[in-house]
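Work through the exercises below with the sequence and the model side by side. Try each task before reading its solution.

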Amino acid sequence: MRIPEDLKYTREHEWLLMEEGTVTYGITDFAQSELGDIVFVELPEVGDAVTVNDTSGTIEAVKTVADIFSPVSGHVIEVNERLVDDPDLVNRDPYGEGWMIKVEVEDPPELVDLLSADEYNGLIEQEQANS
Amino acid sequence: MQESPETRPDSLRSPLHELHIEAGGKIVPFAGWRMPVQYTSIIEECKTVRSRVGLFDVSHMGEIEITGPDRFVEVDRIMTAKVTGKSNGVVQYALLLNDEGGIIDDILVYIRPGSILLVVNAANKDKDFAWISSRVRGDARVTDRSSEIAQIAVQGPRSRDVIRSVVGNRAAALDYYRSLEGKAAGHGAVISRTGYTGELGWEIYCGWDQSPAIWRALLEAGAEHDVRPIGLGARDSLRMEMAYCLYGNDIDENTSPVEAGLRWLVRAKKDDYIGKEPYLAAKREGPKRRLIGLRLGPREIPRPGYTILHGGEEVGTVTSGGFSPTCGTGIALGYVRADRADGDEDFSIAIRRRRADAEIVRGSFVPSSVKGGGEEMQ
């Protein structure tokens, strides 16, 4: 299970790339593996407002459906249009070509509690032990 | 995230458990068992079964044996099967009904030399065993053989070759819903022309400890057809594509065979059987709701519990739903008010904040190939 060191993570199994005034996010390798084959990703529109902990989209897999929670408040400045035709990019490259949403964050940023790669690894080990 | 129906640490393990782990199977809790839900991808695995051949470990299924001279009469009285006068090798799909005419389980009934074997859903096994034991009369004995018998399904258009080489020509020549006592890779087994995928296929019942050798022999024999192990995730997608009912989703103790479209499982018979009066009453009165199939668009994926609408009015609920790898669209089974079940147009399913147009599908979503390589339909 890949967990890149340079990203931040949430308890909802999403990753965040924090840059100057923006946050890009998607779902983790663990999340895509749990969901299985992803067949459709419903993303917000550019310009939409997103609120921390609210749903900002939906992931439909063969067997199940999951919300994309917004880890941050702000405005959507870009979505990954390639996922419309190639939703399995999320399965194949969750941290790269499978990214989902880029948000311009408010100042000061309103964010969920973030986990480091190590802390996130601890979280999934705990979840696997419980299943 | 994926829901786990069971998280008991003491979950039961199939005799093939280690082989599934070696093969990269993703193991999940299922009906008290830990079983492989997928090995690579549900979509890939469905394609393998529809185009070549796949192996399913279904050892979690329960097996209940009925012996004694009264076994035929008792099976006819406790189940919707009609076995009196039938010979060895006959297999029937049948229902166990309760006193109210609701479905306790859907089962396979095998007539074997000296016994009748019932193959039941894993989640219902203890309930079925208790029910049958409490209702059986006369000189008939009920034994739970689930922990001794493993089950492997071989399904797909190339399955006949694999069965011919591992079991033999007689098994490969079996008609649909017939079985025989034979040997698989040298080990005693019951082999039947049955399955839950809609493809040409066989099921093998064998000894718990012999099953790994048989599994390996099937993989070896199927290598020329690129045979693959298939998880329970694909098994569920494949059965949904055939509009086969899944117990617990589409049928349960509050469902009548009349509403579920399973009247054909209640064989015409002279004698009494459990659930007969309420069943006949339900047939006379006609169902209040009926199970239908609905096909949606490629990006409209229905899930159990979603509301079905007709002409904008709420008329029912989805009981099985998901993405069909073969159709490339969302598909659903669900109950609707009987007065709308014959409608052709104007169905939709509420998916979050929108209504997705749905096309009613009578019969299966994918043509059945159970009787051959696609040339004969069920």
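**Exercise 1. How do the axes of α5(B) and α7(B) cross, and which residues meet?**

Step 1. Locate the helices. Helix α5 of chain B covers residues 159–166, and helix α7 of chain B covers residues 211–221. Helices here are DSSP runs of H or I with at least four residues, strands are runs of E with at least two, and both are numbered from the N terminus.

Step 2. Take the geometry. The two axes come within 9 Å and cross at roughly 125°. Axes are lines fitted to C-alpha atoms, for helices over the stretch in contact, and angles run from 0 to 180 degrees between N-to-C directions.

Step 3. Classify the angle. α5(B) and α7(B) are therefore oblique to each other. Under 35 degrees counts as roughly parallel, over 145 as roughly antiparallel, 65 to 115 as roughly perpendicular, and the rest as oblique.

Step 4. Assign the hand. The crossing of α5(B) and α7(B) is right-handed. In such a crossing the near helix is turned clockwise from the far one by less than a right angle; anticlockwise makes it left-handed.

Step 5. List the contact. From α5(B) come B:Val162, B:Ser165 and B:Val166; from α7(B) come B:Ala217, B:Leu218 and B:Ala221. Contact means heavy atoms within 4.5 Å. By class there are 5 nonpolar residues, 1 polar and no charged. Nonpolar covers Ala, Val, Leu, Ile, Met, Phe, Trp, Tyr, Cys and Pro; charged covers Asp, Glu, Lys and Arg; the others, Gly among them, are polar.

The ground rules come next. This is a predicted model, where local features need pLDDT of at least 70, side-chain atom pairs count only at pLDDT 80 or more, and totals for chains, interfaces and linings use all residues. Residues are numbered from 1 along each chain as its sequence is written, chains are lettered from A and ligands numbered from 1 in the order written, and side-chain values use heavy atoms, without hydrogens and water.

**Exercise 2. At what angle do α3(B) and α4(B) pack, and what classes of residue meet?**

Step 1. Place α3(B). Helix α3 (residues 71–78) lies across β5, β6, β7 and β8 of chain B. It runs at about 30° to β8(B).

Step 2. Add α4(B), residues 125–135. The two helices pack at an angle of about 115°, with their axes 11 Å apart. Their crossing is right-handed.

Step 3. Read the contact. B:Glu74, B:Arg77 and B:Ile78 in α3(B) meet B:Trp131, B:Ile132 and B:Arg135 in α4(B). The classes are 3 nonpolar, no polar and 3 charged.

**Exercise 3. What is the strand order of the open sheet of 5 strands in chain B, and which strands stand at its edges?**

Step 1. Write the order. It is β6-β7-β8-β5-β9, with antiparallel pairing. Two strands pair if DSSP finds at least two bridges between them.

Step 2. Find the edges. β6 (91–97) and β9 (141–144) each have a single partner strand, so one side of each is left without a neighbour in the sheet.

Step 3. Give the twist. Neighbouring strands are turned by 30° against each other on average, direction ignored.

Step 4. Check one pairing. β5 (residues 62–67) and β8 (residues 115–120) of chain B run antiparallel, joined by 5 bridges. B:Ile64 has B:Leu118 as its bridge partner.

**Exercise 4. Which residues take a positive phi in the hairpins of β16(B) with β17(B) and of β19(B) with β20(B)?**

Step 1. Start with β16 (residues 307–310) and β17 (residues 313–324) of chain B. They pair antiparallel over 4 bridges. B:Leu309 is partnered by B:Glu314. There are 2 residues between the strands, and B:Gly311 takes a positive phi near 60°.

Step 2. Cross to β19(B), residues 347–351. It is joined to β16(B) by 3 bridges and runs antiparallel to it. B:His310 stands opposite B:Phe347.

Step 3. Go on to β20(B). 5 bridges join β19(B) to β20(B), again antiparallel. B:Ala350 has B:Arg355 as its bridge partner. This hairpin has 2 residues between its strands, and B:Arg352 takes a positive phi near 50°.

**Exercise 5. Which side chains meet in a salt bridge that crosses between chains?**

Step 1. Recall the principle. Side chains of opposite charge can pair when their charged atoms come close. The cut-off is a side-chain nitrogen of Lys or Arg within 4 Å of a carboxyl oxygen of Asp or Glu.

Step 2. Name the pair. A:Glu34 and B:Lys26 meet at 3.9 Å, N to O. The pair runs from helix α1 (residues 29–35) of chain A to strand β2 (residues 26–30) of chain B.
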